[in-house]
Amino acid sequence: MAYFFEEPSHTFDEYLLIPGYTSAECIPSNVSLRTPIVRFNKRAGEQSSLYMNIPMVSAVMQSVSNDKMAIALAKEGGVSFIFGSQSIADQAAMIAHVKMYKAGFVTSDTNIRPNQTLAELTKKIAETGHSTVAVTENGEHNGKLVGIITERDFRLGHCSSDATVGEYMTALKDLVVGHSDITLEEANELIWKHKINQLPVVDKDGNLQYLIFRKDYESHEEHPNELLDSNKRYIVGAGINTRDYMERVPMLLSAGADIFCLDSSEGFTEWQRRALNDIHTKFGKDVKVGAGNVVDAEGFRFLAGAGADFVKIGIGGGSICITREQKGIGRGQATATIEVAKARDEYFKETGIYVPICSDGGIVHDNHITLALAMGADFVMLGRYFARFDESPTNKLIVNGNYVKEYWGEGSNRARNWQRYDLGGAKKMAFEEGVDSYVPYAGSLHDNVQITLSKIVHTMCNCGAISIPELQEKAKITLVSPASIREGGAHDVVVKNTTIRAE
């Protein structure tokens, strides 16, 4: 006979947090949202090898996570998982672009030899879009630095296109340079002291290491939570499937991917167990791979035991997902998060290993993020939330007089992501598990994320917590009735509607 759960499953909308004692120390400026993203031996006193500065990642979706989104979210302290339903080469190119993006210390990707011509230089500038070019003896990014040349140093209308770069560059003897042990703050001091726009950084042998740009440091000042690797490059994730992972993973690792996520509508499968084992066996335990999705303790234990570095929770709760309608599979996101969090804690008590969990789907309002964290999630994955912003890869349109952005599910025919839903048959989707839709346009990611984070930290202070683990320990959560839900919004008044149109 089938197993029946005694209690119905619930959504985040059916819960409220009860305020706790707020001490004098419990103020927003003291709150830390730092959270682990991959497993670690907590009992042995280890730290996770990868943390985020905010508990938010963007969904593995064509309409959400490309290189532009990854850069914008890393600036805020989160991680984007660039969608895998594209060619390996295209996904690798997106990863590489994020890793090369200007984040303080930049590896020069536009370089030239001093004996090359201005025509060759102009072609390089046109190809890369970078107007500052490092001149090295061998024309490589790590060659011996001999000078710098920019678009402002020559004009083809007044210079022969056959003239050499060496004739117009600023020679090394006239450059201000930093050495490889310089800090970003020290570099900025040199930039301002000498009134220059960029500072080359060289090693003891004079080989070029990095370029540091004035505008990049200003960006760093504006984004204090930037999530950077040991080489000062942005952290970026990648979605992978259970079919071509042995070809995809090495290419993405070469491009610089920091972490992977097995992207599937349901992760309690032999295919994910095999993928986790194959990847860790072939490429090493240091290659970090999250898995999912699951909605109960049994699914969590399966993936944790298989070596998942984090486990993703949620089936059918996404705003564009119709899995529950089509297949009758799923569970209320709050109930799933609560049960999996308990399983995670039990697994830790038994093994000493802490496996972070990610609540994926069912987030409608900002307060749902705080509820998910209080219920035990280490971070949340968001699709619709990020799809609304300038940085998402979809078109901005006007529909019925309002600005919107396109948003479609990976299970829709538009995405054609058969690898995410297929169970081993032909390369096609038998039916849809997602819809094609619009979401209201909301502006820039930075502005919106800052508002969301402000709500989270203020709510945490109301609960008497200044860290996510403390919130999970101290939170008091109540199930509410339908009448309580209605009472929670504006009622018994006529609300003044003010429409602000984005231009």
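Colleague: How many bridges join strand 12 to strand 13?

Modeller: The model is a predicted one. Strand 12 covers residues 198-202 and runs antiparallel to strand 13, with Gln 198 standing opposite Phe 213. The number of bridges joining the two strands is five.

Colleague: Which strands are the edge strands of the open sheet that holds strand 12?

Modeller: Three strands make up this open sheet, in the order 11-12-13, and the pairing is mixed. An edge strand pairs on one side only, and this applies to strand 11 (178-179) and strand 13 (208-213). The edge strands are therefore strand 11 and strand 13.

Colleague: What angle does the direction of helix 5 make with that of strand 13?

Modeller: Helix 5, residues 184-193, packs on the sheet and touches strand 12 as well as strand 13. Its direction makes an angle with that of strand 13 of about 65°.

Colleague: Within what arc do the buried residues of helix 9 fall?

Modeller: Helix 9 spans residues 297-305, and its buried residues are Gly 299, Phe 300, Leu 303 and Ala 304. An α-helix has 3.6 residues a turn, so positions three or four places apart point the same way. Seen down the axis, the buried residues of helix 9 line one face, because they fall within an arc of 125°.

Colleague: Which exposed residues does the opposite face of helix 9 carry?

Modeller: The buried side of helix 9 is covered by elements including helix 8 (270-283), strand 16 (289-294) and helix 11 (333-351). The face turned away from that side carries the exposed residues Glu 298 and Gly 305.

Colleague: Which helix gives the most to the largest nonpolar core?

Modeller: This core has 58 residues, and Ile 37, Met 56, Val 57, Val 79, Phe 81 and Phe 386 have the most contacts inside it. Beyond its neighbours within four places in sequence, Val 57 is in contact with residues including Ile 37, Val 79, Phe 81 and Phe 386. With seven residues, the helix that gives the most to the core is helix 15 (445-462).

Colleague: At roughly what angle do the axes of helix 1 and helix 2 cross?

Modeller: The axes of helix 1 (residues 67-76) and helix 2 (residues 88-100) come within 9 Å. Helix 1 passes helix 2 in a right-handed crossing, and the contact is made by Asp 67, Ala 70 and Ile 71 of helix 1 with Met 94, His 97 and Val 98 of helix 2. The two axes cross at roughly 35°.

Notes:
Residues numbered from 1 in each chain as written. Predicted model: local features only at pLDDT ≥ 70, side-chain atom pairs only at ≥ 80, totals over all residues. Heavy atoms only, no water. Buried < 20%, exposed > 50% of the residue type's maximum accessible area, 1.4 Å probe, protein only. Helix = DSSP H or I, 4+ residues; strand = E, 2+ residues; numbered from the N terminus. Arc of directions from axis to C-beta. Contact = heavy atoms within 4.5 Å. Axes fitted to C-alpha atoms, helices over the stretch in contact; angles between N-to-C directions. Core = buried A, V, L, I, M, F, W, Y, C linked by side-chain atoms within 4.5 Å. Left-handed = near helix turned anticlockwise from the far one by under 90°.
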